[in-house]
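Visitor: I would like a close look at one small part of this protein, and then a walk outwards from there. Could you take me through it step by step?

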Amino acid sequence: LDCVSIFALTVDDAAHVLSVMEGPDSDDIYSRFEPGPAAWGGKALRIGVPRDVRLAPGSYYATAFAEACDKARALGHEVVPVDFDVMHRTAALLYPGPWVAERYSVVQSLIERDPEAIDPVVRDVIGAAAQFSAADLFRAQYLLREFQQQAAHTWQGKEGVDVLLVPTAPRHPTFADIEADPVGVNSSLGVYTNFVNLLGWSALAVPAGT
């Protein structure tokens with residue numbers, strides 16, 4: 001599930017870095033390269049947006065997202081409400097599910113040898129993987145495959161969309177919020193992103209306002 005991300009000042013810079021690093025890698029057993037279209041050809045896009053937008057009440061987030069949708073329409077694209085139920089159900093699998101075992105498998109020896117070497121919050125999140133069995137993982141994988149099949153309809157048929165436009169995060173928590181409930185805060189922050197890697201999709205986050 002973990003993958004290398006690109007941080008850049010502009011979309012063009014990010015695209016340039018991606019062009020250097022992308023491609024099949026024979027040395028990586030998980031390498032999976034699926035090139036998409038090089039360009040959209042100038043056609044108007046069907047842009048899917050959440051039918052029910054979950055953002056912090058009274059914050060600027062709702063205003064900024066509405067402005068982003070208006071800008072998309074002004075550029076000639078069609079903005080289409082999309083049911084995000086399956087995406088939300090997929091995102092909900094990430095933290096309480098056995099996926100954290102991927103990280104646990106990497107740091108298990110360090111946790112057992114020197115647990116104080118890891119931030120206690122991170123240690124608790126990753127250490128929870130020890131409670132899951134192989135059967136738990138398979139059950140979660142079966143459920144994820146169902147969600148992947150359902151979510152694929154987002155792109156298919158006349159009702160399908162070309163891209164999704166979503167808020168990157170629904171709110172901006174304080175350090176105290178995170179310390180009090182690290183898993184809960186991270187789950188809520190990822191309501192529009194936690195499903196992406198699980199579904200095998202990709203995402204790009206850009207500023208929409210300040």
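Guide: Let's start at the side chain of threonine 154, where a polar atom sits 2.7 Å from the backbone oxygen of alanine 151. Please keep in mind as we go that this is a predicted model. Threonine 154 belongs to the loop that runs between α6 (134-151) and β3 (163-164). Is threonine 154 buried or exposed? Its relative accessibility is 10%, so threonine 154 counts as buried. Leaving out residues up to four places away in sequence, threonine 154 touches Met87, Gly160, Val161, Leu164 and Trp201.

Trp201 is a good name to follow, for it leads us to the aromatic residues. Tryptophan 201 pairs with phenylalanine 195: the ring centres are 6.1 Å apart and the planes stand at 85°, so this pair is edge-to-face. How much of each partner is covered? Phenylalanine 195 has a relative accessibility of 2% and therefore counts as buried. Tryptophan 201, at 21%, counts as partly exposed because buried means under 20%.

The chain holds 5 aromatic pairs in total. Another of them joins phenylalanine 84 and tyrosine 192, again edge-to-face, with 6.1 Å from centre to centre and 75° between the planes. Which parts of the chain does this pair tie together? Phenylalanine 84 is in the loop between β2 and α3 (85-91), while tyrosine 192 is in the loop between α8 (182-189) and α9 (194-199), so the pair links parts 108 residues apart in sequence. Both phenylalanine 84 and tyrosine 192 are buried. Put together, Phe84, Trp155, Tyr192, Phe195 and Trp201 make one aromatic cluster. So our starting residue, threonine 154, touches a member of this cluster, Trp201.

Tyr192 has another contact worth a stop. Histidine 88, a residue of helix α3, is in contact with Tyr192, and also with Arg54 and Val191, once neighbours within four places in sequence are set aside. The relative accessibility of histidine 88 is 13%, which is why it counts as buried.

From here we can turn to the sheet. What is the order of its strands? The sheet is open and has 3 strands in the order β2-β1-β3, with parallel pairing. β2 and β3 stand at the edges with a single partner strand each, so each has one side without a neighbour in the sheet. Strand β1 (residues 46-50) and strand β2 (residues 78-82) run parallel and are joined by 5 bridges. You can find the register by looking at individual residues: arginine 46 is opposite glutamate 78 in β2, and valine 49 is opposite proline 81 in β2. As a general point, the strands of a sheet pair through backbone hydrogen bonds, in either a parallel or an antiparallel way. Back in this model, helix α2 (residues 60-74) joins β1 and β2 in a β-α-β unit, and that unit is right-handed.

Let's also visit the stretch that comes before β1. Serine 31 lies in the loop between α1 (11-21) and β1. The side chain of serine 31 comes to 2.9 Å from the backbone nitrogen of aspartate 25. Apart from residues up to four places away in sequence, serine 31 touches Gly23, Pro24 and Asp25. With a relative accessible area of 29%, serine 31 is partly exposed. How far is serine 31 from lysine 71, which lies 40 residues away along the chain? Their C-alpha atoms are separated by 36 Å.

Finally, step back to the whole chain. It has 9 helices and 3 strands, and from the N terminus on they follow one another as α-β-α-β-α-α-α-α-β-α-α-α. Along the principal axes, the C-alpha atoms fill a box of roughly 60 × 45 × 35 Å. Of the 210 residues, 25% count as buried, and among these buried residues are threonine 154 and histidine 88. The accessible surface comes to about 14300 Å², and carbon and sulfur atoms account for 57% of it. If you take contacts between residues at least 6 apart in sequence, 71% of them join residues at least 24 apart. The pair of phenylalanine 84 and tyrosine 192, with its parts 108 residues apart in sequence, is one example of a link between separate parts of the chain.

Conventions:
Residues are numbered from 1 along each chain as its sequence is written. This is a predicted model: local features need pLDDT of at least 70, side-chain atom pairs count only at pLDDT 80 or more; totals for chains, interfaces and linings use all residues. Side-chain values use heavy atoms; hydrogens and water are left out. Two strands pair if DSSP finds at least two bridges between them. Helices (H or I, at least four residues) and strands (E, at least two) are DSSP runs, numbered from the N terminus. A crossover is right-handed if, with the strands pointing away from the viewer, the path from the first strand over the helix to the second runs clockwise. Buried means under 20% relative accessible area, exposed over 50%, partly exposed in between (1.4 Å probe, protein chains only). A polar contact is a pair of N or O atoms within 3.5 Å; within protein, one must be able to donate a hydrogen and the other to accept it, and residues adjacent in sequence count only if both atoms are side-chain atoms. Contact means heavy atoms within 4.5 Å. Accessible areas come from the Shrake-Rupley method with a 1.4 Å probe; for residues, only the protein chains shown count as cover. Rings of Phe, Tyr and Trp (its six-membered ring) pair if their centres lie within 6.5 Å; planes under 30 degrees apart count as stacked, over 60 as edge-to-face and the rest as tilted.
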